[in-house]
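Here are my notes after a look through your model. I have set them out as numbered points, so that you can check each one against the coordinates.

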Amino acid sequence: MKLRIEKRLAVPRYSSILVPILSVAAALLLMGIILLIFFYGRLGTLSLAFKETFEAYKEMLTWPFANRYGIFSTLMRMVPLAFVGLGLSFAYRMKIWNIGGEGQLYMGALAATWGALYLFKDVTSPVLMILLISVLGAAAGGIWALIPALMKAFAKTDEIVVTLMLNYVAIFWVDYLVYGPWKDPKGYGFPGTAPFPQQARFPTLFGGEFHIGFFLAVVLAFILFYVYRRTRWGMNSRIVGDNAQAARYSGISIIKYTIIALVVSGAIAGLGGAVQMMGVQHRLQHGFSPGYGYTAIIVAWLAKLNPIAILLVAFLFGGLLVGNDQLQMFYKLPMALISVFQGLVLFSLLGGEAIAKYRLRVSREEAVTNE
Amino acid sequence: MNNIESFILSTLSATVRAGTPLLFAVLGTIFTERSGVMNLGLEGLMLVGAIGGFVASYQTSNLLLAILVAMLAGAVLGLVHAFFTVTLRVNQIVSGLAITMLGTGLSGLWGRDYIGVIAKRFQPIRIPVLSDIPYLGQILFSHDLLVYISFLLVPVMWFFIYKTRPGLTLRAVGESPDAADAKGINVFAVRYIYTILGGSITAIGGAYLSLAYNSMWIENMTAGRGWIAIALVLFATWDPVKALIGAYLFGGITALGLRLQAVGAHVSPDFLKMLPYLLTIVVLFFTSTDTLKRKVGAPTSLGVPYSREERT
Amino acid sequence: MRNITKAFPGILANDNISFDLRKGEVHALLGENGAGKTTLMNILFGIYKPDGGEILIEGDRVSISSPHNALKRGIGMVQQHFTVVPSFTVAENVVLGLKDMGFFVNTKSVESSIKNLGESYGLPVNPKARVWTLSVGEKQRIEILKLLYTGAKVIILDEPTAVLTPQETEVLFRAIRKLVSEGSSVIFISHKLDEVLQISDRVTVLRGGRFVGTEERSSIDRRSLVRMMVGRDVLLDFEKSTKEPGTTVLEVEDLTVKNDKNLEAVKSLSLNIRSGEILGIAGVAGNGQRELAEAIYGLRKPVHGTIRLNSKTLRHTDVAQRIRAGVAFVPQDRRALATCPSLSITENMFMKNAHTKYIPQSPFNVDFRAMQKATERLVSEYSISTPSTKTQARFLSGGNLQKLVLARELSTKPTVIIAEHPTRGLDVGAMEFVYKSLLAHKDRGAAILLLAGELYEIFRLSDRVAVMYEGQIMGYTPPDPKYTEEIGFMMAGSKQEEIA
């Protein structure tokens, strides 16, 4: 008797939803075990460790959603994740692996700062200012993605590494500006630019924590949903993603689609950076993004590139991040542990997907369509 | 020796040291990718190697053991990656990113108690005759054991890949898993072996950082070298000799940058940090326009999970 | 092999089949596409495990668990899709995976023994050559030599002549006879009656997964074989209209096209096709036909030359322009080129719709319902068997996929049709349908370029026959079987004027 792993012919509908949920559950379980070990090491006895784990667990899972401050924090974390995730999905549909979400985010923030503090500093109308900055941020992200786009379209250069490298270039560029020419003279050594003027800040609701960027993300998600489902771009990009040869055969210009995909993807991420500046940060700082660009890759992948699902998954991940922060602050858990958690979550999700796509079969083979 | 001469010599010597962690990482990953498995988790692999080696050195003062522990750490992470990509056939990019996260986190956790601590480190070794060669002696032969091992690893790997039967098998699995399978080669086993082996060699690169280059443990001490190594693998078109060139090229930039700063040259530190990444992009561009890449280049099955049933 | 049964989800590929092989014989396994021949041999070669039945070698029950296992037992298979590593040399390919070779590769001795082996069977190869530079016929020789090198005594050949010229086929047959005379046994899978009659000692016919019969060569003829294969007498001859073709529609002038290896595959080729005419291009695969088709369709950029449609010059890589002008392409490799496996049948059917405008659409609001209705209509018109129009294309069998491509290309009433091996993988009924469709479109006035490997198909459909060899047209003949020998010579490189 032999055990074999083989592909399912068709993925059952329910598994698309059930499996991610189960994987996340499995990941949480693993995290719980690690927490247990950690607390045991710190507190010395198993019963204390259990109690502490339970408390921490409860806090991490419920706090982000159970109280007002928590929910708003979650929603605010969700926004950049959603923007970048949505942007990435635009390229991923065509199997163009834009790993540069982080860099495009940074460039959008950079451009937004430039607009708010220098280029448009004499603009008084908030509506106009926000509009201009948004456009600038999107343009910056788009241009940043244009580099790998041109390289891929004309030289067939692999976009994964180029976009990855550009992330670092963007981050260092921001550092250069923040510690150098744009450093806030009144900052008392605090590494950041001068704060944005009032008209460059998003209006907020509910007492100041919740900015309108959230609604922008939701609107964007619905727009993309429509574009993917019911426009020619949506159908053609599906073709390109499924079989690039067949796309050429159908008269679709791969060069055009490649460039547009990357540029739009970068532009949306850049817009996210601008939104983050206008809504939350109000100034450009070193390291303002705790890896949103990379987490967004996971968000997009987990949501299977569906824009509405991206919103949902971004929300959940926002909660996860907020929960992690709580753990760090109140339970003094090290950042590295959070990193481990994220790695575990990812692997659980990967494992879950594998289980959905494949099944354990005993000594039987698979169909091959005969030709 | 006048100032410029000594400046150049010390920079070149530093180049070798700076390039060594990269070289280990690239060589290890060449093994992995030649079998057809893409590995983006180099940062994580190097970090666990760094902490593993450091802890072992601190606890036992036995450097040989330290390297072995580092290799073991890399092998374990490599095994995880292999399991997910080869057996479960998941998206290799995502798995690699997860390895990075896991490796970064685990190393950070493990290393919390070892920050600021001193462990036994590798010392430079003099080789009779070779170390006394003017100029070359200082540049190439005034380093520690690990550097010398990396020197040797290049020709050994080159010979192995191109001139031996197991090397033939490795190349076949990467370029044409169907053909290899039809010949009775166990594609899965080969990929497992080289992913694990590649992981452990990469980890040595990390150990070099904590036991020789920086001689201490700092959280996230690889500082992006893992990502550069990924790009260097492409630059080297999966060839060990070109890997050497690439690693030292980038080591040189780092070394030069540090030295220029030290002598007070007005170069922005952030720009210097950017330079390796920018250069990588430029290099990649020129490498990919090279049409020879078709025949000389990528193991054709790179990134694609293998499945006997899906053979058409 | 006794009572072998093998089922896949949805298909019973082998239903209780029994088959035996004598030492020193050539035993042909005959049947239509999809009859189960390859599956049966895959079981023998260890790629599949049978659900039922047993295999005996010299009387002993054996279990063949993998190709490696099969090779150890002396059974080897040369499949339709070659499993060679393109960037390796011939010697490296042969040596790959052999266990008793030691750590270091002793190139010299391996190369000379391969050379000797090849010469002794009349299958010469250059062991130092890199496989990607070799022709298909040479690659096949390597596959056979690989098996001989490991001492295989039972050699299974799966449709070996599909890629060979008549002359190369002769070389292969001589090699087979030599092998057999030295005690090896050969199983020859084919669907080509004439070759089976020529080379085999015994013939086993499969139909629809079932065993029909095994006969000695001496007791069968063409007609009886057809009856066994298909179950009825099939008249594959029907009327071709003799209407006069109209004006020139497609002009190709002085076209030179390079292939993927940067060598010239099409060399200064010129041809014309008139409206209502079918030009059949005969030739062994690999002589530039694919590159010609791709260049005419706009998928490949020519080095120089002009392509004109109704006197209007076509821009070189502008596929969209051609689709709009009514050029249709049914490529040989339909899975790789002409369909999207994960997309639905509807989406595949209307992949080109943006340009063909078969169903007028606005780019901002695609009307899927209209496309679906049209797809349903076309599915029934072309008898495509599928559970629904929403099914993903990857689940279609080869034959049905081809019908999908045909439906899509022909439904737009194109001006020019480029058909590359249009009946490959289809059963007899579908083949008839394709022939009838092509002829109907010819009557409608389309100009059709037919690239096919089977001469009988070319004779049946074409108004003129051209022979292509190494990127050039060697000559034209009328579509009459009496020109077969002349065509054979042209296929192997002689120019028409040179043939006595």
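1. A word on terms before the strands: two strands count as paired if DSSP finds at least two bridges between them. In this predicted model, β16(C) and strand β17 (residues 416-420) of chain C pair in the parallel sense over four bridges. To find the register, start from Val330(C), whose bridge partner in β17(C) is Ala419(C).

2. That pair belongs to an open sheet of six strands in chain C, with the order β16-β17-β18-β13-β19-β20 and mixed pairing. At the edges stand β16 (327-330) and β20 (472-477) of chain C; each has a single partner strand, so one side of each is left without a neighbour in the sheet. On average, and ignoring direction, neighbouring strands of this sheet are turned by 20 degrees against each other.

3. Which strands does helix α9 (residues 289-297) of chain C touch as it packs on this sheet? They are β13 (278-282), β16, β17, β18 (447-451) and β19 (464-469) of chain C, and the direction of α9 makes about 155 degrees with that of β17(C). Helix α16 (residues 428-444) of chain C also packs on the sheet, touching β13, β17 and β18 of chain C. The direction of α16 makes about 150 degrees with that of β18(C).

4. Chain C also has an open sheet of four strands, in the order β12-β11-β14-β15, with antiparallel pairing. Here β12 (264-274) and β15 (312-313) of chain C are the edge strands, each pairing on one side only. Inside the sheet, strand β11 (residues 248-258) of chain C runs antiparallel to strand β14 (residues 302-309) of chain C, joined by six bridges. Val257(C) has Pro302(C) as its bridge partner in β14(C).

5. Please also look at β9(C), which has pairings of both senses. Strand β3 (residues 26-30) of chain C pairs with strand β9 (residues 202-207) of chain C in the parallel sense over four bridges, and Leu29(C) stands opposite Thr204(C). With strand β10 (residues 210-216) of chain C, β9(C) runs antiparallel over six bridges; there Thr204(C) stands opposite Thr214(C). The hairpin of β9(C) and β10(C) has two residues between the strands, and Gly208(C) takes a positive phi near 55 degrees.

6. Turning to chain A, helix α4 (residues 101-119) and helix α10 (residues 254-281) pack at an angle of about 50 degrees, with their axes 7 Å apart. That makes α4(A) oblique to α10(A), and the crossing is right-handed. Residues that meet here include Gly101(A), Gly108(A) and Ala112(A) from α4(A), and Gly266(A), Gly270(A) and Ala274(A) from α10(A). By type, the contact divides into eleven nonpolar, nine polar and no charged residues.

7. The contact between chains A and B takes 40 residues from chain A and 39 residues from chain B. On the chain B side, α3 (63-87), α4 (92-111), α10 (225-235) and α12 (269-288) each give two or more residues. The largest share, twelve residues, comes from α4(B). This side divides into 22 nonpolar, eleven polar and six charged residues.

8. Finally, UniProt (unreviewed entry) places transmembrane regions in chain B, including residues 192-214 and 226-251. Over residues 192-214 of chain B the model is 96% helix and 0% strand, with the end C-alpha atoms 32 Å apart. Over residues 226-251 of chain B it is 85% helix and 0% strand, with the end C-alpha atoms 13 Å apart.

Terms used: Residues numbered from 1 in each chain as written. Chains lettered and ligands numbered in written order. Predicted model: local features only at pLDDT ≥ 70, side-chain atom pairs only at ≥ 80, totals over all residues. Contact = placed C-beta atoms within 7 Å. Nonpolar A, V, L, I, M, F, W, Y, C, P; charged D, E, K, R; others polar. Axes fitted to C-alpha atoms, helices over the stretch in contact; angles between N-to-C directions. Parallel < 35°, antiparallel > 145°, perpendicular 65-115°, else oblique. Left-handed = near helix turned anticlockwise from the far one by under 90°. UniProt positions renumbered as here; feature names shortened; annotations may be inferred.
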